[in-house]
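Please look over the sequence and the fold shown here before reading on. The report below takes up the sheet, some of the helices and the aromatic side chains in turn.

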Amino acid sequence: MHIKRFRQRATLGARYVKEYVLDEFTDPYNRSYLLPKPLDVICEISYLCNLECPTCFRWTSKPDEHELTADEWKGVLAKLKAWLGTFNLTFTGGEPFLRKDILEIFKFASENGIVTQVVSNGSFIDKTLAKKIIASGLDGLTISLNSMIPEIHNKTRGTSGAFNEVMTAIDNLQDRKGMRLSLSCTIVKDGVSGLIDVIEFAKAKGIYGVNFQPIMPATILPVFNKDGQAKKSSDGIPYRDLLRSKESALIDDVFSRLLSMKERGYPILNSADHLKEIAKYLKDPTNPEILEKVCKVGVRNFNIDPFGNVRLCSIMEIVGNIAKESPAEIWRSANAAHQRETIRTCDKTCRLMFCNFKQLDFKYKAKRVINGITGQSVART
């Protein structure tokens with residue numbers, strides 16, 4: 001299993017390096033002669049969720065008989081494998097583990113050489129499920145943890161027991177047999193001062209890494225029906241609280257420390273540039289400097305919703321349906337070309353979400369490889 005994972009990661013890593021090196025010489029949006037294939041496929045496998053986060057309203061979704069079945073998802077993955085070779089596949093939701101067939105889908109992806117990850121709230125991961133997840137061949141599991149202060153995390157998740165459930169899940173996943181366990185931390189106003197504690201916790205637990213992303217309007221995680229119509233929702237209280245925040249000195253101090261910790265090898269998955277952009281946003285979400293870098297999801301991401309509908313940007317219009325069309329045809333279609341142009345000129349700040357901020361952090365990844373070979377540890381703060 002370890003050798004197989006290493007080969008898959010190495011092959012995928014070579015694709016990433018090739019595409020990001022090419023970006024240094026030519027704008028990927030202008031490569032009409034050699035349009036790059038997507039590197040990241042994001043499958044929103046279900047909108048259903050058992051939590052009630054005020055940062056997202058997908059938990060208001062109801063079961064829908066039009067969601068793809070396990071066999072249909074296997075057909076989708078087979079199409080993608082034939083087209084892309086090795087690629088990075090991420091399952092999100094909602095809460096993916098609400099699907100009883102999710103492990104069957106993981107196993108199929110793993111057996112077909114697809115580097116597969118899932119993002120979860122961690123609430124269902126008891127000892128039995130933890131063993132099944134690890135045995136499925138899943139390459140990476142990311143659990144949401146917004147603060148080491150239970151009250152803050154629980155407030156952002158809408159339930160009183162969410163923090164304890166995450167701690168239990170992490171304890172149940174101690175023997176991971178090569179699977180990468182990461183944390184995803186959405187930064188809300190009350191959580192800024194505790195970000196250092198999240199990193200220290202991750203290091204102490206041997207967690208692969210932590211990715212940070214700032215709170216966004218809840219509308220960037222829409223709920224669509226099978227026809228692509230979005231359910232109306234509000235921006236959410238956490239985002240409105242951020243707009244009222246004026247704590248620039250605290251943000252500067254915390255992010256200066258995070259940048260220093262990253263330089264010394266702490267498990268922070270965001271690049272240094274990304275951390276700096278997040279700090280700008282937290283101090284002023286309307287800062288025009290945030291929009292200076294063009295969003296690259298139009299040439300990097302391939303988003304699939306629970307019904308098989310495809311978007312290059314997860315909040316824009318449908319460009320095709322992978323259950324009915326080939327992914328290559330969708331990628332090269334007139335609809336996709338139009339959406340790429342819309343993305344390139346977009347003025348939304350969701351480009352700062354971890355899944356959307358496209359930058360390969362060569363220096364950090366090289367340092368982690370070297371430290372892994374030599375057994376070198378990082379310094380303490």
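What follows is a description of a predicted model, arranged by topic.

## The sheet and its edges

The model holds an open sheet of 9 strands, which run in the order 6-5-4-3-2-1-7-8-9 with mixed pairing. Strand 6 and strand 9 (320-321) stand at the edges with a single partner strand each, so one side of each has no neighbour in the sheet. Strands of a sheet pair through backbone hydrogen bonds, and they may do so in the parallel or the antiparallel sense. Strand 9 pairs with strand 8 (residues 309-311) in the antiparallel sense, over 2 bridges, and here Asn-309 stands opposite Asn-321 of strand 9.

Strand 1 (40-44) pairs with strand 2 in the parallel sense over 5 bridges, with Cys-43 opposite Phe-91 of strand 2. Strand 1 is mostly covered, 5 of its 5 residues being buried. In a regular strand the side chains alternate between the two faces of the sheet. In strand 1, Asp-40, Ile-42 and Glu-44 point one way while Val-41 and Cys-43 point the other way, and all are buried.

## Helices and what they pack against

Helix 2 (residues 70-84) lies across strand 1, strand 2 (88-92) and strand 7 (301-304), and it runs at about 165° to strand 7.

Helix 5 (residues 150-157) has Ile-152, His-153, Asn-154, Thr-156 and Arg-157 as its buried residues. Strand 4 (140-144) and helix 6 (162-172) are included in what covers these buried residues. After helix 5 comes Gly-158, which has a positive phi, near 80°.

Helix 10 (residues 272-283) has 12 residues and reaches 17 Å from its first C-alpha to its last, which is close to the 16 Å expected at 1.5 Å a residue. Buried in helix 10 are His-274, Leu-275, Glu-277, Ile-278, Ala-279, Tyr-281 and Leu-282. These buried residues pack against two strands, strand 5 (180-187) and strand 6 (209-214), and against two helices, helix 8 (237-243) and helix 9 (248-263).

## Aromatic pairs

The model contains 8 aromatic pairs. One of them joins Trp-83 and Trp-331, whose ring centres are 6.2 Å apart with the planes at 65°; since planes over 60 degrees apart count as edge-to-face, the pair is edge-to-face. This pair links distant parts of the chain, for Trp-83 belongs to helix 2 and Trp-331 to helix 12 (residues 327-331), 248 residues apart. Trp-83 has a relative accessible area of 12% and is therefore buried, and Trp-331 is buried with a relative accessible area of 2%.

Phe-97 and Phe-106 also form an edge-to-face pair, at 6.0 Å centre to centre and with 85° between the planes, and both Phe-97 and Phe-106 are buried. Ring pairs link these two residues with Trp-73 and Phe-91 into a cluster. Phe-91 is also the residue of strand 2 that stands opposite Cys-43.

## Charges over rings

Which ring lies under the charged end of Arg-311? The ring is that of Phe-224, and the charged end of Arg-311 sits over it, 3.8 Å from the ring centre.

A second arginine, Arg-340, lies over the face of Trp-331, at 4.4 Å from the ring centre. Trp-331 thus takes part in two of the arrangements described here, the edge-to-face pair with Trp-83 and the placement under Arg-340.

How values were computed: Residues are numbered from 1 along each chain as its sequence is written. This is a predicted model: local features need pLDDT of at least 70, side-chain atom pairs count only at pLDDT 80 or more; totals for chains, interfaces and linings use all residues. Side-chain values use heavy atoms; hydrogens and water are left out. Helices (H or I, at least four residues) and strands (E, at least two) are DSSP runs, numbered from the N terminus. The expected span of a helix is 1.5 Å times one less than its number of residues. Buried means under 20% relative accessible area, exposed over 50%, partly exposed in between (1.4 Å probe, protein chains only). Contact means heavy atoms within 4.5 Å. Two strands pair if DSSP finds at least two bridges between them. Axes are lines fitted to C-alpha atoms, for helices over the stretch in contact, and angles run from 0 to 180 degrees between N-to-C directions. Rings of Phe, Tyr and Trp (its six-membered ring) pair if their centres lie within 6.5 Å; planes under 30 degrees apart count as stacked, over 60 as edge-to-face and the rest as tilted. A charge sits over a ring if NZ of Lys or CZ of Arg is within 6 Å of the ring centre and within 35 degrees of the ring normal.
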